[in-house]
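Reader: Please take one helical part of this model and examine it closely, then follow its surroundings outward into the rest of the chain. I would like every cut-off stated where its term comes up.

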Amino acid sequence: MKTAINTNRFRLFAHDAMLISIMAVLAACGLIYEYLLSHYAGRVLGIVETAIYTMIGVMIVSMGLGAFAAKALKNPFSAFAWLEATVALIGMSSVLVISAIIGLTSDLPTILTDAFNLPPDTVLEGGMLEQIKLYARHLPYIAGFFLGFFIGMEIPLIARVREQVYGRHLKNNAGTIYGADYIGAGVGAFIWVTSMLTMDITAAAVWTAFFNIVAGCLFLFCYWQEIRRAAWLVGFHVFLLVLLFVIADSGAYWMKSFANVLYKDNVIYQTNSKYQNIVFTEKKIGHDQQIIDMYLNGRLQFSSADEHIYHSMLTYPALLASRKAERALVIGGGDGLAVRNILEWDPDEVVLIDLDRELVGLFSEKYALKSDEKTENLRAQMLTLNQGAFEDERVSVIFGDAFIEIEPLLAQQKLFDVIVVDLPDPSHPDLNKLYSDYFYARLRQILSPDGAIVVQSTSPYHAHSAFVSVGKTMKQAGYQHVEQFRQNVPSFGEWGWTIATKQGSTPSSRIREKTVLPVKNNYITHDILIGAFAMPANFYQSIDEIKVNYLGSGVLYDYHTRAWQKDVGVFTNQSASRIENE
């Protein structure tokens with residue numbers, strides 16, 4: 001009798017351990033699915049931070065609705081088994097399906113033009129077609145809702161399964177299940193950050209779905225007698241495994257093909273670093289001219305066709321306004337293009353601070369992390385573009401968050417004649433702090449008395465309040481003279497920068513005095529530099545209403561996000577082209 005009781009207890013313990021383990025695995029899978037959809041939504045919408053927060057909110061609400069709906073399912077064993085198979089199907093295929101739909105809607109104007117035999121130069125855009133494309137790019141949220149709804153059913157169902165296995169009400173049932181869920185979600189977050197964040201999105205989906213399917217198969221095997229239509233479920237799992245192998249084999253190729261429609265040109269390279277999605281596209285003009293564009297998280301960073309305009313305007317005014325250019329500091333600029341321009345002034349030292357070593361490694365042999373054939377081909381092209389800037393012995397790179405990494409420079413009492421802040425737009429709260437009064441004040445402490453600092457300041461046309469706020473924030477940081485200038489960069493449209501000095505005369509007056517330019521530039525002329533400081537009438541009319549971006553305020557992030565969403569909206573081929581042509 002005692003042996004029978006012990007055997008029964010051991011059997012219950014084995015069942016319980018298995019159910020709790022399955023719950024933990026599924027919690028990890030659910031969290032990774034959430035991250036996958038969030039990051040893909042950020043790619044197609046071009047607003048990563050907003051997309052992630054929105055997806056989290058959508059899935060939390062839908063999980064709550066799923067938890068309520070679970071009580072309507074009478075057989076928890078059958079419901080849970082079918083539920084896990086459904087979650088695996090959505091998790092592994094949703095990104096591919098959404099990509100295909102987005103590709104179809106983007107090509108719809110061309111399809112309709114061909115179907116109705118319209119003239120080749122006819123462009124169908126706007127109206128219903130634009131709405132269809134807009135809805136398609138929000139499909140990740142729809143997938144997230146359904147996925148969250150089904151995931152929300154898991155805990156109530158597994159709790160009912162445990163009580164039926166034990167044959168009685170369990171006092172701490174909810175606590176045990178939630179404990180497994182929370183721990184599993186934590187493990188999922190760890191796996192995502194350490195492994196899957198830099199993995200191809202289809203590979204990450206396949207691996208996650210694999211463990212999801214394994215957990216489902218284990219549950220099916222153990223509770224075969226309790227599950228209705230179990231044979232059908234076996235067939236469904238076989239289908240899932242076949243689909244899993246197909247996606248594992250061809251998913252990356254399909255994703256690359258679908259990704260091409262999100263950009264103006266052909267995608268030649270795509271990777272996920274620890275910090276961002278990096279995409280390079282290529283366009284060929286004629287037989288020998290090639291144009292390469294780089295995108296970070298769906299936003300264009302430079303085009304080889306006109307990057308010389310942007311980087312000349314970024315670097316030349318500050319180099320000319322500074323009394324000397326012996327030591328330069330570059331914040332951001334991991335492509336090395338700003339460093340390339342600075343080296344033309346024959347400095348003694350150039351220090352660059354960038355967060356993403358993998359990005360810098362695509363533009364340098366010295367800091368290269370990947371060495372496959374595709375990466376080597378791209379790197380060779382980028383080394384030609386930046387003229388091997390990082391290979392110069394005068395250039396050193398500090399990898400890390402510039403907000404933190406300038407502290408050692410302050411401790412060493414280093415001074416720089418020129419500081420170039422070449423960061424992406426403040427489209428992410430983490431970037432907002434690098435546009436704050438505190439950060440600019442810290443940079444002022446390492447700027448030499450007769451030096452000059454220049455900051456990339458977004459578009460004065462598309463993001464007027466954000467542009468003006470940068471100037472006001474620098475003034476608040478203690479610079480004596482702060483001025484702003486602008487230039488048209490075809491790939492971006494009207495673009496702007498802010499330049500400042502600690503003492504003496506204004507940057508523009510220093511530039512005006514030097515009628516003979518000391519370093520030849522294929523774009524810059526003295527007249528262009530002087531004219532760049534001219535702003536339209538009433539440009540600063542509302543300056544008193546525009547706020548300073550104090551550290552922690554998020555003011556600039558809000559200005560920038562509202563401006564670009566209002567003026568540009570969802571990233572599309574047409575909207576990108578419109579900006580370029582303005």
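Author: In helix H7 (173–194), the buried residues are Asn173, Ile177, Ala180, Asp181, Gly184, Gly188 and Trp192, where buried stands for under 20% relative accessible area, exposed for over 50% and partly exposed for what lies in between, with a 1.4 Å probe and protein chains only. The model is a predicted one, in which local features need pLDDT of at least 70 and side-chain atom pairs count only at pLDDT 80 or more, whereas totals for chains, interfaces and linings use all residues. Residues are numbered from 1 along each chain as its sequence is written, and side-chain values use heavy atoms, leaving out hydrogens and water. Helices (H or I, at least four residues) and strands (E, at least two) are DSSP runs, numbered from the N terminus.

Viewed down the axis of H7, the buried residues fall within an arc of 110°, so they line one face of the helix; the arc is taken over the directions from the helix axis to the C-beta atoms. The face turned away from that buried side carries the exposed residues Tyr182, Ile183 and Phe190. As for its length, the 22 residues of H7 should span 32 Å at 1.5 Å a residue, and the end C-alpha atoms are indeed 32 Å apart, the expected span being 1.5 Å times one less than the number of residues.

H7 also belongs to a wider setting, the largest nonpolar core, which has 66 residues and in which Leu19, Leu36, Leu147, Phe219, Tyr223 and Ile227 have the most contacts. Such a core is a set of buried Ala, Val, Leu, Ile, Met, Phe, Trp, Tyr and Cys residues joined through side-chain atoms within 4.5 Å. At least two residues of this core come from each of several helices, including H1 (2–45), H3 (76–115), H7 and H9 (230–259), and H3 gives the most, with 14 residues. Leucine 19 touches Ile158, Val161, Arg162, Val165, Phe219 and Tyr223, leaving aside residues up to four places away in sequence, where contact means heavy atoms within 4.5 Å. Apart from this core lies another, of 61 residues, among them Ile292, Ala321, Trp497 and Ile499.

Elsewhere in the chain there is an open sheet of seven strands in the order S7-S6-S5-S8-S9-S11-S10, with mixed pairing, two strands being paired if DSSP finds at least two bridges between them. Strands S7 (395–399) and S10 (481–489) stand at the edges with a single partner strand each, so one side of each is left without a neighbour in the sheet. Within the sheet, five bridges join the parallel strands S5 (residues 327–332) and S6 (residues 349–354), and valine 330 stands opposite leucine 352 in S6. Helix H14 (residues 402–411) packs on the sheet, where it touches S5, S6, S7 and S8, and its direction makes about 145° with that of S6; axes here are lines fitted to C-alpha atoms, for helices over the stretch in contact, and angles run from 0 to 180 degrees between N-to-C directions.

A second helix invites the question already put to H7: helix H17 (residues 464–476) has 13 residues and reaches 18 Å from its first C-alpha to its last, close to the 18 Å expected at 1.5 Å a residue. Its buried residues include Ala466, Phe467, Val470 and Met474, and just after H17, glycine 478 takes a positive phi of about 110°.
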